[in-house]
Amino acid sequence: MSDRMLDSMADIWLLIPLVIAIFIGWLLGRNSAVGVSKPSSNSILNRDYFVGLDYLLNEKTDEAIESFIRALEVNSDTIPAHLALAKLFRRKGDVQRAISIHQDLLARLDLSRSDSLRIQMALSLDYDSIGLLDRAENLLKEIIKQNPPRETHRKALTLLTKLYEKEQEWAQAIETARHLNSDEMLNIRHECAHYYCELSEKLLKEKHYKEAAEYLKQGLLLDPLSVRISFLQAQVAMRQKQWKTAIRVLRKIEQQDPVFLSEAIKDLKQCYIALHDKVEYEFFLRHCIAHTPSATAILALAELIKDDQGVHAAGTFITDELKHRPSIKGFNRLIAMHIEHGSENAKDSLKTLRSLIGTLETNKPRYLCQQCGFSGRTLVWQCPSCKTWGTTKPIQGLEGE
């Protein structure tokens, strides 16, 4: 992380308590103006407040927050400030302090229903952030049982759904999400489609093809553009030797997200070979190169050309394509062809060059998360870094496809 980014983060952490301080000052001034507190009490409260400001100006954030907490008498007016301070503790990683503030607030007997619900929601986030998932789950279920207002109900259901996702309880996540109305469901339908995929993959391993296919149908209703569902539908069909069905769903990927078409070539090749339809396979590859070019498609077609016309024709084809779409994969394959069929004098140099390019190809990531930039050599449907679904895609260009 750059020094500039670190400085910016530090500025942000200083700014948050400053905003809170302004808010607390407004509350204290308001209470004093309307005669909420006794004069002596006001004096004590204001003294703590100004001590907190002094700490804040001297960049002693923790001490400033402590003073602001002492300055705040808990009542309906100051609860938002207490919640803001607890949120600040949670974001700084001091979750136990946040939990303590929220539990102290909940212990009060004079809380309104709306304040109680807000505090319970905040406490569930505390538990979730430090991995106390059982406590978070139970608290969210309790909030839902209280028949809260619509927005609180939506937030509680959504948080509970995401909690089940963390626990990989896919069926429970789907069942919880179903309690959202159709408009609210739009925000997480993409994630729910992946939950169906997770269930389907498990059934696929257990050879329960009919049940796996049914889950995929349900997922497709939520996300018709899901590339992952198409890949899994193809796997279900291929396991049952339904080659034409597999080809049909794999060809849909071009409309869903053409970047993933290169990932389908291996399965499509297997299907076309099983059908003894080499002509249609070649037609498909040429279509890919014309409309959604990739190194994988170019090399696959080169192999067909090699089988039909020989290695020289295949090498010439790769060379011509590399002029328009250079890639490390293409260069590596071209060098391999020259080593296999070239002159003895050049083989040693070519082997050294191939070793260098092969190492480069092996060490480079193949997939990149479009959300956070996390990269790797394996396609994962949920990014390990930012936890978003379906944002990892094949890398394009010289170092990828």
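**Salt bridges, ring pairs and local geometry in a predicted model**

Under the criterion that a side-chain nitrogen of Lys or Arg lies within 4 Å of a carboxyl oxygen of Asp or Glu, the count comes to 19 salt bridges. The structure is a predicted model, in which local features need pLDDT of at least 70 and side-chain atom pairs count only at pLDDT 80 or more, whereas totals for chains, interfaces and linings use all residues. Residues are numbered from 1 along each chain as its sequence is written, and side-chain values use heavy atoms, with hydrogens and water left out.

Among these salt bridges is that of Lys166 with Asp128, whose closest N and O atoms are 2.9 Å apart. Because Lys166 belongs to helix α8 (residues 150-166) and Asp128 to helix α6 (residues 113-129), the pair ties together parts that are 38 residues apart in sequence. Helices here are DSSP runs of H or I with at least four residues, and strands are runs of E with at least two, numbered from the N terminus. Asp128 has a relative accessible area of 19% and is buried, where buried means under 20% relative accessible area, exposed over 50% and partly exposed in between, computed with a 1.4 Å probe on protein chains only.

A salt bridge also joins Glu198 and Arg228, with 2.9 Å between the closest N and O atoms. This pair links distant parts of the chain, since Glu198 lies in helix α11 (residues 189-205) and Arg228 in helix α13 (residues 227-239), 30 residues apart. Both Glu198 and Arg228 are buried. In another salt bridge, the side chains of Glu303 and Arg333 meet at 2.9 Å, N to O. Here too distant parts of the chain are linked, with Glu303 in helix α18 (residues 295-309) and Arg333 in helix α20 (residues 328-341), 30 residues apart. Glu303 is partly exposed, at a relative accessible area of 27%. Through shared partners, salt bridges further join Glu198, Glu201 and Arg228 into one network.

Aromatic contacts were also examined. Rings of Phe, Tyr and Trp (for Trp, the six-membered ring) pair if their centres lie within 6.5 Å, planes under 30 degrees apart counting as stacked, over 60 as edge-to-face and the rest as tilted; by this rule there are 7 aromatic pairs. The rings of Tyr196 and Tyr215 have centres 6.0 Å apart and planes at 40°, so this pair is tilted. The two rings connect distant parts of the chain, Tyr196 being in helix α11 and Tyr215 in helix α12 (residues 209-222), 19 residues apart. Tyr196 is buried, with a relative accessible area of 5%, while Tyr215 is partly exposed at 30% relative accessibility. Tyr272 and Tyr281 likewise form a tilted pair, with 5.8 Å from centre to centre and 35° between the planes. Tyr272 is buried at 3% relative accessibility, and Tyr281 is buried with a relative accessible area of 4%. Ring pairs also link Trp170, Tyr195 and Trp389 into a cluster.

With a disulfide defined as a pair of cysteine sulfur atoms within 2.5 Å, a search of the whole structure finds 0 disulfides. Cys372 is in no disulfide, and the nearest cysteine sulfur, that of Cys383, is 3.6 Å away, a separation too far for a bond. Cys372 is partly exposed, with a relative accessible area of 37%, whereas Cys383 is buried at 1% relative accessibility.

The strands form an open sheet of 3 strands in the order β2-β1-β3, with antiparallel pairing; two strands pair if DSSP finds at least two bridges between them. The edge strands, each pairing on one side only, are β2 (375-376) and β3 (392-394). Strand β1 (residues 367-369) pairs with β2 in the antiparallel sense over 2 bridges, and Tyr367 has Gly376 in β2 as its bridge partner. The loop between β2 and β3 contains Lys387, a residue other than glycine whose phi is positive, near 65°, and which is partly exposed at 48% relative accessibility.

A positive phi, near 55°, is also found at His276, again a residue other than glycine. His276 is located in the loop between α16 (261-274) and α17 (278-291), and at 74% relative accessibility His276 is exposed. Most residues other than glycine have a negative phi. Gly93, just after helix α4, takes a positive phi of about 100°. Within α4, the buried residues include Ile79, Leu83 and Phe89.
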